[in-house]
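Reader: Hey, got a minute to go through this model with me?

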Amino acid sequence: MKKDKGFELSYHNLSYRRKFIRTIWLIPFGVVVGIVITYINIIVSLFYWLLFIILGVKQVKYNYTMWKKETNK
């Protein structure tokens, strides 16, 4: 059974609603990491931002749609 309440360290044991919430909460940390990488190396920064945006949007969209499918059962 997927956990929907309380603290859970493992991402894979969470429900899709909780995965969606955790993904949204981690976006600011990803932005901070991106800013730090930008000051260190511009080329690496470009790859980071591309991956961060593409994979982040895909993950948020997937978790949201699966959460809604799970609640419509």
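Author: Sure, here are some notes on the helices and a few residues.
This is a predicted model, so local features need pLDDT of at least 70 and side-chain atom pairs pLDDT 80 or more, while totals for chains, interfaces and linings use all residues. Residues are numbered from 1 along each chain as its sequence is written, and side-chain values use heavy atoms, leaving out hydrogens and water.

Reader: OK, at what angle do H1 and H2 cross?
Author: Roughly 175°, with the axes of H1 (residues 16-40) and H2 (residues 42-71) coming within 10 Å. That makes the two helices roughly antiparallel (angles over 145 degrees). Axes are lines fitted to C-alpha atoms over the stretch in contact, with angles from 0 to 180 degrees between N-to-C directions. Helices here are DSSP runs of H or I with at least four residues.

Reader: And which residues of H2 are buried?
Author: Ser45, Val60, Asn63 and Trp67, where buried means under 20% relative accessible area with a 1.4 Å probe, protein chains only. The buried residues of H2 pack against H1, contact meaning heavy atoms within 4.5 Å.

Reader: Switching topic: what happens at the start of H2?
Author: A side-chain oxygen of Asn41 comes to within 3.1 Å of the backbone nitrogen of Ile43 there.

Reader: What about Val33, where does that sit?
Author: Val33 is in helix H1. Its relative accessibility is 41%, so Val33 counts as partly exposed (between 20% and 50%).

Reader: How far apart are the C-alpha atoms of Val33 and Trp49?
Author: 9.9 Å, with their positions 16 residues apart along the chain.

Methods
Angles under 35 degrees count as roughly parallel, over 145 as roughly antiparallel, 65 to 115 as roughly perpendicular and the rest as oblique. A polar contact is a pair of N or O atoms within 3.5 Å; within protein, one must be able to donate a hydrogen and the other to accept it, and residues adjacent in sequence count only if both atoms are side-chain atoms.
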